[in-house]
Amino acid sequence: MSHSLMKRSLGTVAAAATGLLLLAAPAQAAPKTEAAGGEPAKPTASAAEIEANNAAVWASLPPNVTMKVVGKMPKLQGPTDHYTQNGPTVTTGMTPFAVATIPFSFTFDGAWSLDGRDFKSTQTSFCKDIEATWDYPQGSHHQFKVSLSAGGTITVPTDGVTRTWCWSSVPTNTTMHFTYFSTGNSGGDIAKASGSGSVHY
């Protein structure tokens with residue numbers, strides 16, 4: 001066998017061996033306990049937990065409010081308010097503190113009792129997409145609630161699933177706001193939640 005032919009044969013065998021080694025190496029899965037950026041990932045709710053949360057919400061709805069599960073947050077609409085407990089509201093896309101018109105969006109961080117922006121509706125019904133999670137997971141005696149100043153308080157499950165609530169029989173051209181709060185707080189045991197959503201027709 002010529003020197004060049006032998007060199008080619010050995011190169012083919014080496015390439016084949018390398019290919020076998022590449023195929024044999026197991027794929028490394030990304031760790032499930034860490035989110036992008038190296039931060040601990042928030043626990044994901046099971047399907048059974050989400051179903052139980054939905055059933056509890058439907059059983060507790062005020063007569064003028066409906067709820068449906070949408071899963072992932074739709075695209076945020078309108079200007080966006082960023083609410084922080086005991087901090088200033090930062091707004092993108094409109095004049096801060098002006099009374100908003102629908103649609104508008106919001107985020108909140110570390111909330112246990114705060115009011116959202118004042119707004120007015122030109123229709124007697126509108127909807128609110130919202131998802132929430134506990135910043136610090138607390139005992140089951142805590143619930144996260146959202147109340148409309150014109151009537152109707154809902155319980156928002158803190159499982160990170162987006163749901164849409166629709167209020168009916170609301171007054172038109174009347175200044176109102178939503179209040180975000182956790183229940184069962186006492187002493188230093190305060191449940192704080194974060195989340196986001198939109199108010200829209």
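What is the torsion about the S-S bond of C127 and C166, and is the disulfide right-handed or left-handed? The close-up views below take up this pair, and then S196, in a predicted model.

**View 1. The disulfide of C127 and C166.** The torsion about the S-S bond is about 100°, so this disulfide is right-handed. C127 lies in strand β8, residues 126-134, and C166 in strand β11, residues 162-167, so the pair ties together parts that are 39 residues apart in sequence. The two sulfur atoms are 1.9 Å apart. The count for the model comes to one disulfide. A disulfide is a covalent bond between the sulfur atoms of two cysteines.

**View 2. How C127 and C166 are covered.** C127 has a relative accessibility of 12%. It counts as buried because that value is under 20%. C166 has a relative accessible area of 23%. That value lies between 20% and 50%, so C166 is partly exposed.

**View 3. S196 in strand β13.** This strand covers residues 193-200. The relative accessible area of S196 is 14%, so the residue is buried.

**View 4. The polar contact of S196 with E131.** The contact joins side chain to side chain. Its distance is 2.8 Å.

**View 5. The surroundings of S196.** Leaving aside residues up to four places away in sequence, S196 touches M73. It also touches F106, T107 and F108. D129, I130 and E131 complete the list. E131 is thus met again here, as the partner of S196 in the polar contact.

Notes
Residues are numbered from 1 along each chain as its sequence is written. This is a predicted model: local features need pLDDT of at least 70, side-chain atom pairs count only at pLDDT 80 or more; totals for chains, interfaces and linings use all residues. Side-chain values use heavy atoms; hydrogens and water are left out. Helices (H or I, at least four residues) and strands (E, at least two) are DSSP runs, numbered from the N terminus. Buried means under 20% relative accessible area, exposed over 50%, partly exposed in between (1.4 Å probe, protein chains only). A polar contact is a pair of N or O atoms within 3.5 Å; within protein, one must be able to donate a hydrogen and the other to accept it, and residues adjacent in sequence count only if both atoms are side-chain atoms. Contact means heavy atoms within 4.5 Å. A disulfide is a pair of cysteine sulfur atoms within 2.5 Å.
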